Amino acid sequence: MHAQPGVEVCPDAPEQSDGTRNQRHLPASTFRSRRSTLSDAQRRTWDRRWPELGLSLGASASEGAEPPLDTRAWFGRQAPLVLEIGCGSGTSTLAMATEEPEVDVLAVEIYKRGLAQLLCAIDREGVGNIRLIRGNALDVLQRLIVPGSLTGVRVFFPDPWPKARHHKRRFLQTGTVGLIADRLLPGGVLHVATDHPGYAEHIGALGDAEPRLRRPGPGDALPISVVRPTTKYESKAHEAGSAVTEFIWLRHE
Ligand SMILES: C[S@@+](CC[C@H](N)C(=O)[O-])C[C@H]1O[C@@H](n2cnc3c(N)ncnc32)[C@H](O)[C@@H]1O
């Protein structure tokens, strides 16, 4: 495991041989660039804690040179593993990881300041079960996560890219949902929330069409919590009158 603070990510991941090879069904570019200036305090915490708790996914990962992530070594234990895609400033990440100390959480985000906010909160509150990855979640899934290894994948409020001509940039597409299903353990959970009605309809259809996923039934016990806190982003959605749609799928046994 090695960290490369500040290394740029590569949004265009090459094709894989795991059922996700059709590039048309993978996001073209799933993120906007945002200002990532850190405060002095955030910078100090970043310099002190990132080498231990963070990993910057550089060009080598996109070229396939990065070995799969050894999460057992990184967390120092074997525990159920959850990947959160696009954690923002990590409000849900921190709250859910604190509620489930027996679960390890990998938080993936491109936005450095969001990761710095989460890192500062982890440092302040002494939370031990979160690790952070700066990079494109598509690269993380393809390059760092081995098939059948995740107990959960969380995607909370993925960028909706509302204009039709930008839909190809949405993170959740046939290819990424298939990739997530491939990385989940049998019985693992895909948990998605969105406040965008059009994206919700699309996500519901994608998840239901993925043969390795099914909606949980009344007798199903979920291996991880699906209780989320209300984030600032979600509060704004509520204020704007948007309903939040929540999806849970289980990977077939
Ligand atoms: C609308 S925000 C939601 C943040 C957070 N999940 C929440 O509920 O407040 C979406 C986040 O996903 C991140 N994101 C978008 N595409 C991504 C990708 N391919 N890999 C990692 N993060 C991504 C963005 O930088 C942004 O912070």
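## Annotated sites and their structural setting

Glu 84 lies in strand β2, where strands (E, at least two residues) and helices (H or I, at least four residues) are DSSP runs, numbered from the N terminus. The structure is a predicted model, in which local features need pLDDT of at least 70 and side-chain atom pairs count only at pLDDT 80 or more, while totals for chains, interfaces and linings use all residues. Residues are numbered from 1 along each chain as its sequence is written.

Glu 84 counts as buried because it has 26 C-beta neighbours inside 10 Å; a residue is buried if 20 or more other C-beta atoms lie within 10 Å of its own, exposed if 12 or fewer, and partly exposed in between, with C-beta atoms placed from the backbone. Leaving out residues up to four places away in sequence, Glu 84 touches Thr 93, Val 105, Ala 107, Val 108 and Arg 154, a contact being two residues whose C-beta atoms, placed from the backbone, lie within 7 Å.

Strand β2 (residues 81-85) is itself mostly covered, with five of its five residues buried. In a regular strand the side chains alternate between the two faces of the sheet. In β2 both faces are covered, with Leu 81, Leu 83 and Ile 85 buried on one side and Val 82 and Glu 84 buried on the other. Five bridges join β2 to strand β3 (residues 104-109), and these two strands run parallel; strands are taken to pair if DSSP finds at least two bridges between them. Within this pairing, Val 82 has Val 105 in β3 as its bridge partner.

The UniProt record, in an unreviewed entry, lists Glu 84, Glu 109, Asn 136 and Asp 159 under "binding site". These residues are spread over 76 residues of sequence and yet cluster in space, the largest C-alpha distance being 14.1 Å. UniProt positions are given in the numbering used here, feature names are shortened, and annotations may be inferred rather than shown by experiment. Asp 159 is found in the loop between β5 and α7.

A further "binding site" listing in UniProt, again from an unreviewed entry, holds Lys 163, Asp 195, Thr 231, Lys 232, Tyr 233 and Glu 234. Lys 163 lies in the loop between β5 (150-156) and α7 (174-183), whereas Asp 195 is found in the loop between β6 (184-194) and α8 (197-209). Beyond residues up to four places away in sequence, Asp 195 touches Phe 157, Glu 234, Ala 237, Ser 242 and Val 244.

The table gives the burial of several residues discussed in this report.

| Residue | Other C-beta atoms within 10 Å | Class |
|---|---|---|
| Lys 163 | 8 C-beta atoms | exposed |
| Asp 195 | 19 C-beta atoms | partly exposed |
| Asp 159 | 17 C-beta atoms | partly exposed |
| Asn 129 | 17 C-beta atoms | partly exposed |
| Thr 45 | 20 C-beta atoms | buried |

Strand β6 is joined by six bridges to strand β8 (residues 245-251), the two running antiparallel, and in this pairing Leu 190 has Trp 249 in β8 as its bridge partner. Strand β8 is also joined to strand β7 (residues 213-214), here by two bridges and again in an antiparallel arrangement, with Arg 214 standing opposite Leu 250 in β8.

Helix α7 also takes part in a helix packing. The axes of helix α6 (residues 137-144) and α7 come within 10 Å and cross at roughly 40°, where axes are lines fitted to C-alpha atoms, for helices over the stretch in contact, and angles run from 0 to 180 degrees between N-to-C directions. With that angle, α6 is oblique to α7, since angles under 35 degrees count as roughly parallel, over 145 as roughly antiparallel, 65 to 115 as roughly perpendicular and the rest as oblique. The crossing of α6 and α7 is left-handed, meaning that the near helix is turned anticlockwise from the far one by less than a right angle. The residues that meet are Leu 138, Leu 141 and Gln 142 in α6 and Thr 176, Leu 179, Ile 180 and Arg 183 in α7.

Two other residues show contacts between distant parts of the sequence. Thr 45 is found in helix α1 (residues 40-53) and, apart from neighbours within four places in sequence, is in contact with Leu 119, Cys 120 and Asp 123. Thr 45 and Arg 124 are 79 residues apart in sequence and 9.8 Å apart in space, C-alpha to C-alpha. Asn 129 lies in the loop between α5 (112-125) and β4 (130-134); Asn 129 and Ala 97 are 32 residues apart in sequence, with 6.6 Å between them in space, C-alpha to C-alpha.
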